[in-house]
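User: I would like to learn how to read features off a model. Please take them one at a time.

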Amino acid sequence: MATPLRNPIVDIERARMTDTTDIGAPGTGWRRGPAQGPEVTAAADSATLVSAPFNRRPHPARSGMDLHIRQLGKRYSGVAALDRVDLDVAAGELVALLGPSGSGKTTLLRVIAGLLHPDEGRVLFGQDDATRLSLRERNVGFVFQHYALFKHMTVAENIAFGLRSRPRKRRPDKATIARRVEELLGLIQLPDFGGRYPEQLSGGQKQRVALARALAIDPTVLLLDEPFGALDAKVRVELRRWLRQLHERTGQTTLFVTHDQEEALELADRIVVLRDGRIEQVGTPDEIYSSPASDYVFDFIGRANVLEGRVEHGQFRIAGHAIALPAPDVADGPARLYARPHDIAPATPEAGIAALVIAAHRLADRITLELAVEGQSRPLELDFVASPGVTTPAPGSTIGLEPLRYRVFAA
């Protein structure tokens, strides 16, 4: 009697259910101042490890393929989780989907994987329309925050799972699977861990194994859903640097979801900033940080000071302060000035924007002043380097602020 095909989705779900465990350049808008799952869901999602034939057209120098999102829409109870999103990801790119909770980043990742079906729009792998393909047919690799490893399987068996679950006609022989597992154990720098069980691994090691399992099937696209969220801060830093190095070796087209700005800025080739189901900006980390397309992106990425005022005849002015700053590209009316803490210089109260020192905080060689400006709803911060001869203003004293590099947006 023939052995019935196993259903990998059911297998994983059951396993998880029982597991208890250039400044001022034209077009930038910059101005110088006067001086200058639930666990069961994650388990079911892991079925993306099971592969199927797909007409792949990889980039000649990369192992991944192009990904194209066209007018993608998804609604829940009338609320748009994705609002006609368009996105192109080149073969071999490492792209971060960055945004706050509810921005649509995880929904977008799951639609790409085939775990959710869009209400409108298309998902294309290369030139092939994958919108209506099942998650098995898409042959994507998915890595989760909580690993979704089988605790009753060894590391080697977990990595081999996607290959062993293929239909018999497409299943590699045992020797081929063993070689692939050995290769991946070396790639994730755990060559002697094949015989261990998940409970014998650290969190960082478990995530490496989960990544190896996703790579084992040679996926069309690798998708990572907040892969470092369950790890402590030091391990997160170490693992994301390792992931960047791994990506350079494999060239796999990769998208990862994160709400950690530092993680996105350090890891990604490009960052997609989402807000309320729409894309606010797509660009390199430097473009996103240094040339934000909107006040939302400026305020969301990195630390930002915000000053409320008005633009009058191309000058930004703050009520009660004599200083006027050039803002030639902004229409007259209410406006906000945005500046990074390191892009503001201290000055005398008469020469700059008068600010009251609330507190001074030191981190290594950096001192950050927390400041209050009369009439402003948000406190400000000023960074400077602590060095011999530099006196830190005392709380309660008044200093002047001179924005050196800033953006002005209409309110």
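User: What is the handedness of the crossing of H5 and H6?

Analyst: Right-handed is the crossing of H5 and H6. Bear in mind that this is a predicted model.

User: At roughly what angle do the axes of helix H5 and helix H6 cross?

Analyst: The axes of H5 (residues 155-164) and H6 (residues 174-187) cross at roughly 125 degrees and come within 10 Å. H5 is therefore oblique to H6. An angle must be over 145 degrees to count as roughly antiparallel, and 65 to 115 degrees counts as roughly perpendicular.

User: Which residues make the contact?

Analyst: From H5, the contact uses Val 155, Ala 156, Ile 159, Ala 160, Leu 163 and Arg 164. From H6 come Ile 177, Arg 180, Val 181, Leu 184 and Leu 185. By class, the contact of H5 with H6 has nine nonpolar residues, two charged and no polar ones.

User: Now sheets. What holds the strands of a sheet together?

Analyst: Backbone hydrogen bonds pair the strands of a sheet, in a parallel or antiparallel way. Here, one open sheet has four strands in the order S3-S2-S5-S6, with antiparallel pairing.

User: Which strands stand at the edges?

Analyst: S3 and strand S6 (128-129) do. Each has a single partner strand, so one side of each lacks a neighbour in the sheet. Inside the sheet, S2 and S3 are joined by seven bridges in the antiparallel sense. To place one of these residues, take Lys 74: its bridge partner in S3 is Leu 82. Helix H3 (residues 105-113) packs on this sheet and touches S2, S3 and strand S5 (120-125). The direction of H3 makes about 120 degrees with that of S2.

User: What is the strand order in the open sheet of five strands?

Analyst: The order is S16-S20-S17-S18-S19, and the pairing is antiparallel. Strand S16 (344-347) and strand S19 (380-385) are the edge strands, each pairing on one side only. Neighbouring strands of this sheet are turned against each other by 45 degrees on average, direction ignored. Strand S17 (residues 353-363) pairs with strand S18 (residues 366-372) over seven bridges, in the antiparallel sense. Ala 359 has Glu 370 as its bridge partner in S18.

User: Next, backbone angles. Which residue of strand S2 should I check, and what is its phi?

Analyst: Check Gln 71, which lies in S2 (residues 67-76). Gln 71 is not a glycine, yet its phi is positive, about 50 degrees. Gln 71 has 37% relative accessibility, which means partly exposed. Ser 77 is another case: its phi is near 50 degrees, positive in a residue other than glycine. Ser 77 sits in the loop between S2 and strand S3 (79-89). At 81% relative accessibility, Ser 77 is exposed.

User: Last, burial. Is Val 273 buried or exposed?

Analyst: Val 273 has a relative accessible area of 0%, so Val 273 is buried. The cut-off for buried is under 20%. Val 273 belongs to strand S10 (residues 270-275).

User: What does Val 273 touch, not counting residues up to four places away in sequence?

Analyst: On that count, Val 273 touches Leu 98, Arg 278, Ile 279, Glu 280, Gln 281, Ile 288, Tyr 296, Val 297, Phe 300 and Ile 301. Take Ile 301: along the chain, Val 273 and Ile 301 are 28 residues apart. Their C-alpha atoms are separated by 9.1 Å.

Methods: Residues numbered from 1 in each chain as written. Predicted model: local features only at pLDDT ≥ 70, side-chain atom pairs only at ≥ 80, totals over all residues. Heavy atoms only, no water. Helix = DSSP H or I, 4+ residues; strand = E, 2+ residues; numbered from the N terminus. Buried < 20%, exposed > 50% of the residue type's maximum accessible area, 1.4 Å probe, protein only. Contact = heavy atoms within 4.5 Å. Axes fitted to C-alpha atoms, helices over the stretch in contact; angles between N-to-C directions. Parallel < 35°, antiparallel > 145°, perpendicular 65-115°, else oblique. Left-handed = near helix turned anticlockwise from the far one by under 90°. Nonpolar A, V, L, I, M, F, W, Y, C, P; charged D, E, K, R; others polar. Pairing = 2+ DSSP bridges.
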